[in-house]
Amino acid sequence: MSETLDITIALLKQQSLTPDDAGCMDIMADYLKQRDFTIEWMNFGNTRNLWARKGAEAPLFCFAGHTDVVPTGPLEEWNTPPFEPTIKDGCLYARGAADMKGSLAAMLTACDTFINAHHDHKGSIAFLITSDEEGPAHDGTVKVIEKLSDRNEKIDYCIVGEPSSYKTFGDMVRVGRRGSINGYLTLFGKQGHVAYPELVENPIHALSPILSLLTAETYDNGNEYFPPTSFQISNINAGTGVENVVPGQLNLVFNLRFSSELTPEEIKRRITYIVDQNSDDYELTWQVSGLPFITEKGTLTTAVEQALLEVTEKKPILSTGGGTSDGRFIAPTGAQLIELGPINATIHKVNECVNVDELDLLSLTYSKILENILL
Ligand SMILES: [Zn+2]
């Protein structure tokens with residue numbers, strides 16, 4: 001049995017429902033301590049964070065990840081108990097197997113392989129591990145990054161262990177993600193009887209030109225890394241439910257997934273202009289839920305591509321798709337960051353699993369990336 005599989009199983013036995021670490025980080029910290037890492041706990045609220053570092057030199061290469069898992073869902077739909085890791089037909093089943101305890105184990109063993117083979121490597125290696133990724137993510141990576149910034153500790157290269165692979169191991173890695181902004185528009189009119197048009201102001205009619213302009217607008221054309229920014233309306237509400245009343249207001253909720261060509265300020269400015277030209281009684285508020293980030297082609301993308309080429313004999317697709325990850329907190333510090341992990345087909349589902357072979361391939365890939373960066 002491989003050491004990576006061993007450690008994965010040990011981590012999977014801990015019932016680390018977000019934000020409870022349930023002892024996973026102790027397993028990791030013990031392993032790293034034995035390899036001369038300096039262990040630092042950075043706990044905030046009920047969240048446990050581990051910062052472990054070996055070496056003081058630049059560049060700093062960091063493995064980032066989370067020990068918390070999402071709830072199991074209906075237990076009766078699991079073929080085997082979610083916290084009793086079980087191997088069947090070459091797959092390891094348990095909550096967190098793919099997202100992302102397998103990656104955590106692979107990071108540890110990759111580190112061990114690399115350090116043993118190259119005592120004299122340059123730079124430093126660190127682990128940034130949180131138990132608040134699947135939850136609100138207020139006390140996890142974001143806080144650790146704040147603390148590191150306060151003392152001028154800077155990550156140069158970061159691999160996040162999120163399950164990025166699509167059909168086969170290593171076929172896809174994430175090099176960034178789009179930004180996301182929500183807009184909340186209320187148009188005010190004057191309520192009244194439908195039979196007296198001179199006495200009402202219909203906010204639904206007032207929306208018509210605004211709607212055409214907002215949906216016809218070309219926000220940008222995307223770029224080498226991102227598809228064009230998209231505008232979508234998710235909710236529209238107006239009306240009292242009866243046939244003979246013009247409503248007094250209309251509420252619209254929309255979202256833009258935006259590329260690195262745009263800033264939230266630019267989006268707000270352009271949409272406010274369109275609304276303002278067509279209404280003199282409205283309210284428009286915003287919520288930015290994430291800024292876009294991108295790791296442009298360079299040292300880290302090359303290191304990852306070469307490692308995967310050696311291990312899988314294929315180059316990965318560099319993608320900016322998918323949902324959010326803690327990468328959004330690390331990338332803005334200027335770190336080159338890539339998400340690379342196992343196949344994500346079963347994550348957050350019942351009967352979550354990871355291919356046992358993938359664990360060793362992942363460990364091998366991580367160690368080759370370390371070689372490509374720190375030798
Ligand atoms: Zn995850």
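Here are a few short exercises on this predicted model, each with a worked solution.

**Exercise 1. Get the overall picture: find how many helices and strands the protein has, and how its domains are laid out.**

Start with the secondary structure, which comes to nine helices and 19 strands. Next, look at the extent: along its principal axes the C-alpha trace spans about 85 × 45 × 40 Å. Now split the chain using the domain assignment, which gives domain 1 as 3-177 + 292-374 and domain 2 as 179-290. The C-alpha centres of the two domains lie 40 Å apart. Where they meet, seven residues of domain 1 are in contact with seven residues of domain 2. On the domain 1 side of that meeting place you'll find three nonpolar, three polar and one charged residues.

**Exercise 2. Work out the strand order in the open sheet of four strands, and say which strands stand at the edges.**

Begin in domain 2, which covers 179-290, and pick up strand β10, residues 179-188. One partner of β10 is β14 (residues 249-258), and the two pair in the antiparallel sense over ten bridges. Another is β15, again antiparallel, over eight bridges. Put the strands together and the order reads β12-β14-β10-β15, with antiparallel pairing. That leaves β12 (230-238) and β15 (282-290) at the edges, each with a single partner strand, so one side of each has no neighbour in the sheet. From one strand to the next, the twist averages 15 degrees.

**Exercise 3. Follow β10 residue by residue: which of its residues are on the covered face, and which are on the uncovered one?**

Sort the strand into its two faces. G179, I181, G183, L185 and L187 make up the covered face, while S180, N182, Y184, T186 and F188 make up the uncovered one. Then check a few partners across the sheet. S180 has R257 of β14 as its bridge partner, and F188 stands opposite Q249 in β14. Turning to β15, Q287 is the residue opposite N182. Finally, add the helix: α6 (residues 264-278) lies across β10, β14 and β15, and runs at about 160 degrees to β15.

**Exercise 4. Find the residues that touch the most other members of the largest nonpolar core.**

This core has 76 residues, and the ones to pick out are M28, C62, M107, F127, C158, V304 and I330. Helix α3 (residues 97-117) supplies its largest share, eleven residues. Zoom in on C62: leaving out residues up to four places away in sequence, C62 touches A126, L128, I155 and C158. There's also a second, separate core of 13 residues, and L187, L207, L256 and F258 are among them.

**Exercise 5. Track down two cis peptide bonds, then decide whether D89 is buried or exposed.**

First, the bond from T18 to P19 is cis, with omega near 0 degrees. P19 sits in the loop between α1 (3-12) and α2 (24-33). Second, the bond from A58 to P59 is cis too, with omega near -5 degrees, and P59 belongs to the loop between β2 (49-54) and β3 (60-66).

Now for D89, in the loop between β4 (86-88) and β5 (91-93). D89 isn't a glycine, yet its phi is positive, about 50 degrees. Count its C-beta neighbours inside 10 Å: there are 8, so D89 is exposed, since 12 or fewer is the cut-off. Try N351 as well, which has a positive phi of about 60 degrees. With 16 such neighbours inside 10 Å, N351 counts as partly exposed.

Definitions and conventions. Residues are numbered from 1 along each chain as its sequence is written. This is a predicted model: local features need pLDDT of at least 70, side-chain atom pairs count only at pLDDT 80 or more; totals for chains, interfaces and linings use all residues. Two strands pair if DSSP finds at least two bridges between them. Axes are lines fitted to C-alpha atoms, for helices over the stretch in contact, and angles run from 0 to 180 degrees between N-to-C directions. Two residues are in contact if their C-beta atoms, placed from the backbone, lie within 7 Å. Domain bounds come from an automatic or database domain assignment. Ala, Val, Leu, Ile, Met, Phe, Trp, Tyr, Cys and Pro count as nonpolar, Asp, Glu, Lys and Arg as charged, and the others, Gly among them, as polar. A nonpolar core is a set of buried Ala, Val, Leu, Ile, Met, Phe, Trp, Tyr and Cys residues joined through C-beta atoms within 7 Å. A residue is buried if 20 or more other C-beta atoms lie within 10 Å of its own, exposed if 12 or fewer, and partly exposed in between; C-beta atoms are placed from the backbone.
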